[in-house]
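Visitor: I would like a close look at one part of this protein. Please show me the whole first, then take me to that part step by step.

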Amino acid sequence: MIDAIPAVLLWAVTLWRARSAFRRPERLSLWLAFAALAVAMTVRPVAIASAVDEHLHVTNLSFLVKHVCGTVAAASVLTFVADMAESKTGMRVSRLHKAVPVVTVALLAACFFATPQPREAEDLLADYADHATILAYGVVWTSYLGAALLSATLLCFRWGRRPDSGLVGRGLILTGTGTAVGLVYALHRVAVLFIDYVGSSPLGENVNHALSTGLLFLALLLIVLGSTLPAAPRILARIRAHWQLVSLYPLWRTLTDAVPETRLDTPPSRAADVTNPLRTHDRLYRRTIEIRDSILTLADHAPAELRGRAYDHATSLGFIGAHADITAEACWLAVAREERLRGAATGSGEPMPPASGGRDLATEIRALATLGTAYRSRATQEFLRAHIEETPA
(Lines give C-alpha, C1' and ligand atoms only; values in the text may rest on other atoms or scores of the structure.)
Protein backbone atom coordinates (compact mmCIF):
# COMPACT_ATOMS: atom_id res chain seq x y z
CA MET A 1 0.00 0.00 0.00
CA ILE A 2 2.77 2.41 0.93
CA ASP A 3 4.39 1.87 -2.50
CA ALA A 4 1.25 3.27 -4.14
CA ILE A 5 1.47 6.64 -2.37
CA PRO A 6 4.41 8.08 -4.39
CA ALA A 7 2.91 6.80 -7.66
CA VAL A 8 -0.47 8.40 -6.92
CA LEU A 9 1.19 11.65 -5.87
CA LEU A 10 3.36 11.74 -9.00
CA TRP A 11 0.46 10.96 -11.34
CA ALA A 12 -1.59 13.72 -9.69
CA VAL A 13 1.22 16.23 -10.26
CA THR A 14 1.71 14.98 -13.83
CA LEU A 15 -1.96 15.41 -14.71
CA TRP A 16 -2.14 18.77 -12.98
CA ARG A 17 0.86 20.10 -14.90
CA ALA A 18 -0.06 18.60 -18.28
CA ARG A 19 -2.14 21.49 -19.57
CA SER A 20 0.34 24.25 -18.71
CA ALA A 21 3.29 22.13 -19.89
CA PHE A 22 1.96 21.80 -23.42
CA ARG A 23 0.89 25.44 -23.54
CA ARG A 24 4.28 26.67 -22.29
CA PRO A 25 7.19 24.66 -23.76
CA GLU A 26 9.65 25.86 -21.12
CA ARG A 27 7.73 23.76 -18.59
CA LEU A 28 7.69 20.61 -20.70
CA SER A 29 10.95 19.21 -19.29
CA LEU A 30 9.66 19.38 -15.71
CA TRP A 31 6.39 17.72 -16.75
CA LEU A 32 8.38 14.98 -18.51
CA ALA A 33 10.35 14.42 -15.30
CA PHE A 34 7.18 13.86 -13.28
CA ALA A 35 5.64 11.66 -15.99
CA ALA A 36 8.77 9.49 -16.12
CA LEU A 37 8.91 9.25 -12.31
CA ALA A 38 5.21 8.35 -12.22
CA VAL A 39 5.78 5.46 -14.66
CA ALA A 40 8.86 4.30 -12.74
CA MET A 41 7.04 4.29 -9.39
CA THR A 42 4.01 2.58 -10.94
CA VAL A 43 6.06 -0.43 -12.10
CA ARG A 44 8.15 -0.50 -8.91
CA PRO A 45 5.94 -2.88 -6.84
CA VAL A 46 6.87 -6.52 -7.44
CA ALA A 47 3.32 -7.58 -8.33
CA ILE A 48 2.96 -4.92 -11.02
CA ALA A 49 6.48 -5.50 -12.32
CA SER A 50 5.82 -9.24 -12.67
CA ALA A 51 2.55 -8.59 -14.49
CA VAL A 52 4.29 -6.22 -16.93
CA ASP A 53 7.07 -8.73 -17.61
CA GLU A 54 4.60 -11.56 -18.15
CA HIS A 55 2.46 -9.48 -20.48
CA LEU A 56 5.45 -8.37 -22.57
CA HIS A 57 7.12 -11.81 -22.41
CA VAL A 58 10.51 -10.37 -21.40
CA THR A 59 11.91 -11.41 -18.01
CA ASN A 60 12.70 -8.43 -15.74
CA LEU A 61 11.90 -5.89 -18.46
CA SER A 62 10.12 -3.77 -15.83
CA PHE A 63 13.51 -3.05 -14.24
CA LEU A 64 14.84 -1.67 -17.50
CA VAL A 65 11.68 0.41 -17.91
CA LYS A 66 12.06 1.73 -14.37
CA HIS A 67 15.72 2.62 -14.77
CA VAL A 68 15.24 4.22 -18.19
CA CYS A 69 12.42 6.31 -16.71
CA GLY A 70 14.71 7.26 -13.83
CA THR A 71 17.35 8.35 -16.33
CA VAL A 72 14.83 10.39 -18.29
CA ALA A 73 13.52 11.98 -15.09
CA ALA A 74 17.01 12.93 -13.89
CA ALA A 75 17.89 14.37 -17.31
CA SER A 76 14.61 16.32 -17.44
CA VAL A 77 15.08 17.81 -13.96
CA LEU A 78 18.62 18.83 -14.88
CA THR A 79 17.42 20.35 -18.16
CA PHE A 80 14.66 22.29 -16.37
CA VAL A 81 17.01 23.70 -13.72
CA ALA A 82 19.70 24.49 -16.31
CA ASP A 83 17.26 26.27 -18.63
CA MET A 84 15.84 28.25 -15.72
CA ALA A 85 19.32 29.24 -14.54
CA GLU A 86 20.25 30.39 -18.04
CA SER A 87 17.05 32.38 -18.56
CA LYS A 88 17.14 34.06 -15.15
CA THR A 89 20.85 34.59 -14.59
CA GLY A 90 22.53 34.28 -17.99
CA MET A 91 24.73 31.42 -16.77
CA ARG A 92 25.97 29.14 -19.53
CA VAL A 93 25.37 25.46 -18.88
CA SER A 94 27.04 22.59 -20.72
CA ARG A 95 24.91 20.95 -23.42
CA LEU A 96 26.29 17.54 -22.47
CA HIS A 97 23.39 17.00 -20.09
CA LYS A 98 21.18 16.53 -23.17
CA ALA A 99 23.44 14.04 -24.96
CA VAL A 100 24.72 11.89 -22.08
CA PRO A 101 21.31 10.41 -21.10
CA VAL A 102 20.85 9.09 -24.64
CA VAL A 103 24.16 7.22 -24.37
CA THR A 104 23.21 6.05 -20.88
CA VAL A 105 19.92 4.54 -22.06
CA ALA A 106 21.69 2.77 -24.94
CA LEU A 107 24.28 1.28 -22.55
CA LEU A 108 21.59 0.16 -20.10
CA ALA A 109 19.70 -1.62 -22.85
CA ALA A 110 22.89 -3.28 -24.15
CA CYS A 111 23.91 -4.55 -20.69
CA PHE A 112 20.39 -5.70 -19.87
CA PHE A 113 19.87 -7.78 -23.00
CA ALA A 114 23.43 -9.18 -22.80
CA THR A 115 22.66 -10.78 -19.42
CA PRO A 116 21.03 -14.25 -19.26
CA GLN A 117 17.99 -13.92 -16.99
CA PRO A 118 16.27 -17.29 -16.51
CA ARG A 119 14.13 -16.18 -13.55
CA GLU A 120 12.14 -13.18 -12.38
CA ALA A 121 14.09 -11.04 -9.91
CA GLU A 122 12.87 -9.10 -6.90
CA ASP A 123 15.85 -6.76 -7.32
CA LEU A 124 17.72 -7.05 -10.61
CA LEU A 125 20.95 -5.51 -9.32
CA ALA A 126 21.00 -7.71 -6.22
CA ASP A 127 19.72 -11.00 -7.62
CA TYR A 128 22.09 -10.93 -10.63
CA ALA A 129 24.96 -9.20 -8.84
CA ASP A 130 27.41 -11.95 -9.84
CA HIS A 131 27.07 -11.05 -13.54
CA ALA A 132 29.62 -8.54 -14.80
CA THR A 133 27.12 -7.14 -17.27
CA ILE A 134 24.64 -6.39 -14.49
CA LEU A 135 27.46 -4.85 -12.46
CA ALA A 136 28.20 -2.62 -15.48
CA TYR A 137 24.47 -1.94 -15.84
CA GLY A 138 24.25 -0.80 -12.22
CA VAL A 139 27.40 1.30 -12.45
CA VAL A 140 26.20 3.05 -15.62
CA TRP A 141 22.75 3.78 -14.21
CA THR A 142 23.79 4.93 -10.75
CA SER A 143 26.74 6.89 -12.13
CA TYR A 144 24.56 8.86 -14.50
CA LEU A 145 21.87 9.31 -11.87
CA GLY A 146 24.45 10.52 -9.34
CA ALA A 147 26.12 12.90 -11.81
CA ALA A 148 22.80 14.36 -12.94
CA LEU A 149 21.57 14.80 -9.38
CA LEU A 150 24.85 16.38 -8.31
CA SER A 151 24.67 18.87 -11.19
CA ALA A 152 21.01 19.63 -10.43
CA THR A 153 21.81 20.11 -6.74
CA LEU A 154 24.62 22.55 -7.45
CA LEU A 155 22.52 24.54 -9.91
CA CYS A 156 19.52 24.63 -7.55
CA PHE A 157 21.55 25.95 -4.63
CA ARG A 158 23.58 28.31 -6.81
CA TRP A 159 20.52 30.06 -8.22
CA GLY A 160 18.14 29.48 -5.31
CA ARG A 161 20.34 31.45 -2.91
CA ARG A 162 20.22 34.60 -5.01
CA PRO A 163 18.53 37.44 -3.08
CA ASP A 164 16.17 38.28 -5.95
CA SER A 165 14.97 34.71 -6.56
CA GLY A 166 11.86 34.97 -4.36
CA LEU A 167 9.51 32.03 -4.01
CA VAL A 168 11.01 30.37 -7.09
CA GLY A 169 14.37 30.41 -5.34
CA ARG A 170 12.95 28.81 -2.21
CA GLY A 171 11.39 26.15 -4.41
CA LEU A 172 14.76 25.51 -6.02
CA ILE A 173 16.41 25.17 -2.61
CA LEU A 174 13.80 22.59 -1.65
CA THR A 175 14.23 20.83 -5.02
CA GLY A 176 18.01 20.91 -4.55
CA THR A 177 17.61 19.31 -1.13
CA GLY A 178 15.54 16.59 -2.81
CA THR A 179 18.16 15.97 -5.49
CA ALA A 180 20.83 15.89 -2.77
CA VAL A 181 18.88 13.16 -0.98
CA GLY A 182 18.56 11.43 -4.35
CA LEU A 183 22.34 11.62 -4.69
CA VAL A 184 22.72 9.88 -1.33
CA TYR A 185 20.28 7.24 -2.64
CA ALA A 186 22.43 6.74 -5.75
CA LEU A 187 25.62 6.43 -3.69
CA HIS A 188 23.93 3.92 -1.41
CA ARG A 189 22.84 1.85 -4.40
CA VAL A 190 26.40 1.85 -5.80
CA ALA A 191 27.78 0.74 -2.44
CA VAL A 192 25.21 -2.04 -2.13
CA LEU A 193 25.92 -3.14 -5.71
CA PHE A 194 29.65 -3.61 -5.08
CA ILE A 195 29.05 -5.23 -1.68
CA ASP A 196 26.66 -7.73 -3.24
CA TYR A 197 29.13 -8.40 -6.06
CA VAL A 198 31.86 -9.45 -3.62
CA GLY A 199 29.30 -11.47 -1.63
CA SER A 200 29.28 -9.61 1.69
CA SER A 201 26.43 -7.44 3.03
CA PRO A 202 26.92 -6.25 6.65
CA LEU A 203 23.51 -4.55 6.93
CA GLY A 204 21.44 -7.27 5.33
CA GLU A 205 19.16 -7.19 2.32
CA ASN A 206 16.06 -6.01 4.22
CA VAL A 207 17.85 -3.10 5.87
CA ASN A 208 19.40 -2.00 2.57
CA HIS A 209 16.03 -2.18 0.83
CA ALA A 210 14.30 -0.18 3.57
CA LEU A 211 17.06 2.44 3.56
CA SER A 212 17.06 2.88 -0.22
CA THR A 213 13.25 3.03 -0.28
CA GLY A 214 13.19 5.68 2.43
CA LEU A 215 15.81 7.80 0.64
CA LEU A 216 13.96 7.48 -2.66
CA PHE A 217 10.59 8.46 -1.18
CA LEU A 218 12.10 11.42 0.68
CA ALA A 219 13.86 12.65 -2.47
CA LEU A 220 10.66 12.42 -4.51
CA LEU A 221 8.64 14.24 -1.85
CA LEU A 222 11.12 17.12 -1.62
CA ILE A 223 11.32 17.45 -5.41
CA VAL A 224 7.53 17.50 -5.74
CA LEU A 225 7.20 20.10 -2.96
CA GLY A 226 10.02 22.23 -4.34
CA SER A 227 8.65 22.27 -7.88
CA THR A 228 5.16 23.06 -6.58
CA LEU A 229 6.16 25.82 -4.14
CA PRO A 230 6.36 28.64 -6.73
CA ALA A 231 2.76 27.86 -7.74
CA ALA A 232 1.56 27.71 -4.12
CA PRO A 233 -0.02 31.22 -4.06
CA ARG A 234 -1.95 30.43 -7.25
CA ILE A 235 -3.03 27.06 -5.90
CA LEU A 236 -4.16 28.56 -2.60
CA ALA A 237 -6.04 31.34 -4.43
CA ARG A 238 -7.84 28.76 -6.52
CA ILE A 239 -8.72 26.67 -3.47
CA ARG A 240 -9.98 29.77 -1.67
CA ALA A 241 -12.05 30.80 -4.70
CA HIS A 242 -13.55 27.32 -4.96
CA TRP A 243 -14.41 27.35 -1.27
CA GLN A 244 -16.09 30.75 -1.67
CA LEU A 245 -17.96 29.52 -4.74
CA VAL A 246 -19.28 26.54 -2.80
CA SER A 247 -20.16 28.61 0.26
CA LEU A 248 -22.24 31.01 -1.87
CA TYR A 249 -24.17 28.18 -3.54
CA PRO A 250 -27.06 27.98 -1.01
CA LEU A 251 -27.79 31.73 -1.12
CA TRP A 252 -27.32 31.87 -4.90
CA ARG A 253 -29.60 28.90 -5.55
CA THR A 254 -32.25 30.13 -3.11
CA LEU A 255 -32.44 33.63 -4.58
CA THR A 256 -32.07 32.74 -8.25
CA ASP A 257 -34.74 30.05 -7.99
CA ALA A 258 -37.10 32.93 -7.25
CA VAL A 259 -35.53 35.18 -9.93
CA PRO A 260 -34.38 32.67 -12.60
CA GLU A 261 -33.92 35.36 -15.26
CA THR A 262 -30.76 36.51 -13.47
CA ARG A 263 -29.05 33.17 -14.17
CA LEU A 264 -26.89 32.84 -17.25
CA ASP A 265 -26.80 29.03 -17.24
CA THR A 266 -28.89 26.14 -15.97
CA PRO A 267 -28.03 25.69 -12.28
CA PRO A 268 -25.95 22.60 -11.46
CA SER A 269 -26.68 20.31 -8.54
CA ARG A 270 -24.82 20.93 -5.30
CA ALA A 271 -22.63 17.87 -5.84
CA ALA A 272 -21.79 18.85 -9.43
CA ASP A 273 -20.95 22.38 -8.32
CA VAL A 274 -18.63 21.18 -5.55
CA THR A 275 -16.78 18.68 -7.74
CA ASN A 276 -16.32 20.94 -10.78
CA PRO A 277 -12.77 22.42 -10.67
CA LEU A 278 -13.00 24.33 -13.97
CA ARG A 279 -13.31 28.11 -14.46
CA THR A 280 -13.53 28.68 -10.72
CA HIS A 281 -12.79 32.41 -10.76
CA ASP A 282 -15.14 33.09 -13.69
CA ARG A 283 -17.96 31.16 -12.01
CA LEU A 284 -17.39 32.95 -8.71
CA TYR A 285 -17.53 36.35 -10.41
CA ARG A 286 -20.70 35.38 -12.26
CA ARG A 287 -22.30 33.98 -9.10
CA THR A 288 -21.63 37.23 -7.25
CA ILE A 289 -23.30 39.24 -10.01
CA GLU A 290 -26.32 36.93 -10.14
CA ILE A 291 -26.85 37.11 -6.38
CA ARG A 292 -26.75 40.91 -6.44
CA ASP A 293 -29.06 41.08 -9.46
CA SER A 294 -31.51 38.83 -7.63
CA ILE A 295 -31.35 41.04 -4.54
CA LEU A 296 -32.09 44.12 -6.66
CA THR A 297 -35.10 42.39 -8.20
CA LEU A 298 -36.41 41.13 -4.87
CA ALA A 299 -36.11 44.62 -3.43
CA ASP A 300 -39.31 45.46 -5.38
CA HIS A 301 -41.14 43.13 -2.99
CA ALA A 302 -39.74 44.79 0.14
CA PRO A 303 -41.53 48.05 1.07
CA ALA A 304 -40.20 50.37 3.76
CA GLU A 305 -42.61 48.94 6.34
CA LEU A 306 -41.20 45.41 5.81
CA ARG A 307 -37.61 46.63 6.05
CA GLY A 308 -38.41 48.53 9.21
CA ARG A 309 -39.96 45.46 10.83
CA ALA A 310 -36.94 43.39 9.78
CA TYR A 311 -34.57 45.87 11.40
CA ASP A 312 -36.66 46.00 14.59
CA HIS A 313 -36.64 42.20 14.69
CA ALA A 314 -32.85 42.14 14.37
CA THR A 315 -32.30 44.71 17.13
CA SER A 316 -34.79 42.95 19.41
CA LEU A 317 -32.55 39.90 19.26
CA GLY A 318 -29.55 41.94 20.41
CA PHE A 319 -27.90 42.63 17.04
CA ILE A 320 -26.37 46.08 16.65
CA GLY A 321 -24.57 48.02 13.93
CA ALA A 322 -23.50 46.06 10.88
CA HIS A 323 -24.80 42.80 12.37
CA ALA A 324 -28.28 44.31 12.68
CA ASP A 325 -28.12 45.61 9.11
CA ILE A 326 -27.10 42.27 7.62
CA THR A 327 -29.65 40.33 9.68
CA ALA A 328 -32.39 42.75 8.67
CA GLU A 329 -31.45 42.42 5.00
CA ALA A 330 -31.56 38.63 5.28
CA CYS A 331 -35.00 38.83 6.95
CA TRP A 332 -36.65 41.04 4.34
CA LEU A 333 -34.98 39.08 1.52
CA ALA A 334 -36.53 35.87 2.82
CA VAL A 335 -39.96 37.51 2.90
CA ALA A 336 -39.50 39.16 -0.51
CA ARG A 337 -38.55 35.80 -2.01
CA GLU A 338 -41.65 34.21 -0.52
CA GLU A 339 -43.84 37.02 -1.91
CA ARG A 340 -42.36 36.68 -5.38
CA LEU A 341 -42.87 32.90 -5.39
CA ARG A 342 -46.49 33.52 -4.39
CA GLY A 343 -46.88 35.81 -7.41
CA ALA A 344 -47.34 39.05 -5.49
CA ALA A 345 -47.33 42.25 -7.52
CA THR A 346 -44.04 44.10 -7.83
CA GLY A 347 -43.32 47.77 -7.60
CA SER A 348 -44.24 48.30 -3.96
CA GLY A 349 -40.68 48.11 -2.73
CA GLU A 350 -38.01 50.81 -2.54
CA PRO A 351 -35.19 51.04 -5.06
CA MET A 352 -31.98 49.63 -3.66
CA PRO A 353 -28.59 50.85 -4.83
CA PRO A 354 -26.07 48.12 -5.69
CA ALA A 355 -24.44 47.07 -2.44
CA SER A 356 -21.22 46.34 -4.30
CA GLY A 357 -20.70 49.91 -5.37
CA GLY A 358 -17.14 50.93 -4.51
CA ARG A 359 -16.26 47.45 -3.25
CA ASP A 360 -13.65 45.19 -4.70
CA LEU A 361 -14.65 41.64 -5.55
CA ALA A 362 -13.06 40.10 -2.46
CA THR A 363 -14.97 42.45 -0.14
CA GLU A 364 -18.21 41.80 -2.01
CA ILE A 365 -17.76 38.03 -1.73
CA ARG A 366 -17.18 38.29 2.02
CA ALA A 367 -20.28 40.46 2.38
CA LEU A 368 -22.43 37.98 0.47
CA ALA A 369 -21.02 35.06 2.46
CA THR A 370 -22.03 36.87 5.65
CA LEU A 371 -25.46 37.54 4.16
CA GLY A 372 -25.81 33.86 3.28
CA THR A 373 -25.03 32.87 6.87
CA ALA A 374 -27.59 35.38 8.17
CA TYR A 375 -30.17 34.12 5.65
CA ARG A 376 -29.88 30.59 7.04
CA SER A 377 -29.95 31.79 10.66
CA ARG A 378 -32.70 31.10 13.16
CA ALA A 379 -33.50 34.81 13.37
CA THR A 380 -34.36 34.97 9.66
CA GLN A 381 -36.43 31.78 9.75
CA GLU A 382 -38.41 33.08 12.73
CA PHE A 383 -39.12 36.35 10.91
CA LEU A 384 -40.25 34.53 7.77
CA ARG A 385 -42.43 32.15 9.74
CA ALA A 386 -44.10 35.04 11.58
CA HIS A 387 -44.75 36.81 8.26
CA ILE A 388 -46.32 33.69 6.71
CA GLU A 389 -48.56 33.23 9.76
CA GLU A 390 -49.74 36.83 9.59
CA THR A 391 -50.31 36.84 5.83
CA PRO A 392 -53.73 35.66 4.58
CA ALA A 393 -53.56 32.56 2.36
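Visitor: Which residues does the UniProt annotation "transmembrane region" cover? After that, please look closely at helix α14: what does α14 meet in α13 and α15?

Guide: One caution first: this is a predicted model. Now the annotation. The unreviewed UniProt entry gives "transmembrane region" to residues 28–52, 64–84, 96–115, 135–160, 172–195 and 215–237. Take two of these spans. Residues 28–52 are 88% helix and 0% strand. The C-alpha atoms at the two ends of that span are 27 Å apart. Residues 215–237 are 87% helix, again with 0% strand. Here the end C-alpha atoms lie 33 Å apart.

Now the whole chain. It has 16 helices and zero strands. Of its 393 residues, 44% are buried. Take the contacts between residues at least 6 apart in sequence: 75% of them join residues at least 24 apart.

On the way to α14, make two short stops. The first is H188. It sits in helix α8, which runs over residues 166–198. H188 has 12% relative accessibility, so it counts as buried. Set aside its neighbours within four places in sequence. H188 then touches N208, L211, S212 and L215. Look back at the annotation: L215 opens the span 215–237.

The second stop is R263. This residue lies in a loop, between α10 (232–258) and α11 (270–275). Is R263 buried or exposed? It is buried, because its relative accessibility is 18% and the cut-off is under 20%. The side chain of R263 makes a polar contact of 2.8 Å with the side chain of D257. Beyond its neighbours within four places in sequence, R263 is in contact with W252, R253, T256, D257 and E290.

Now for α14 itself. Two packed helices are described by the angle between their axes and the distance between the axes. We will use both for each partner.

Start with α13, residues 304–316. The axes of α13 and α14 come within 8 Å and cross at roughly 130°. That angle makes α13 oblique to α14. The crossing is right-handed. Which residues meet there? From α13 come L306, R307, A310, Y311, H313, A314 and T315. From α14 come A324, D325, T327, A328, C331, W332 and V335.

Pause at W332, which is in helix α14. Its relative accessible area is 5%, so W332 is buried. Compare its place with that of Y311. The two are 21 residues apart in sequence. In space, their C-alpha atoms are 8.8 Å apart. Both residues are on the list of those where α13 and α14 meet.

Next comes α15. Helix α14 covers residues 321–341, and α15 covers residues 361–375. Their axes come within 8 Å and cross at roughly 65°. That makes α14 roughly perpendicular to α15. This crossing is right-handed too. On the α14 side, the contact is made by I326, T327, E329, A330, L333, A334 and R337. On the α15 side, it is made by A367, T370, L371, A374 and Y375.

Put the two lists together. T327 of α14 appears in both: it meets α13, and it is part of the contact with α15. W332 is listed with α13, while its sequence neighbour L333 is listed with α15. So much for α14: oblique to α13, and roughly perpendicular to α15.

Notes. Residues are numbered from 1 along each chain as its sequence is written. This is a predicted model: local features need pLDDT of at least 70, side-chain atom pairs count only at pLDDT 80 or more; totals for chains, interfaces and linings use all residues. Side-chain values use heavy atoms; hydrogens and water are left out. UniProt positions are given in the numbering used here, feature names are shortened, and annotations may be inferred rather than shown by experiment. Helices (H or I, at least four residues) and strands (E, at least two) are DSSP runs, numbered from the N terminus. Buried means under 20% relative accessible area, exposed over 50%, partly exposed in between (1.4 Å probe, protein chains only). Contact means heavy atoms within 4.5 Å. A polar contact is a pair of N or O atoms within 3.5 Å; within protein, one must be able to donate a hydrogen and the other to accept it, and residues adjacent in sequence count only if both atoms are side-chain atoms. Axes are lines fitted to C-alpha atoms, for helices over the stretch in contact, and angles run from 0 to 180 degrees between N-to-C directions. Angles under 35 degrees count as roughly parallel, over 145 as roughly antiparallel, 65 to 115 as roughly perpendicular and the rest as oblique. A crossing is left-handed if the near helix is turned anticlockwise from the far one by less than a right angle, and right-handed if clockwise.
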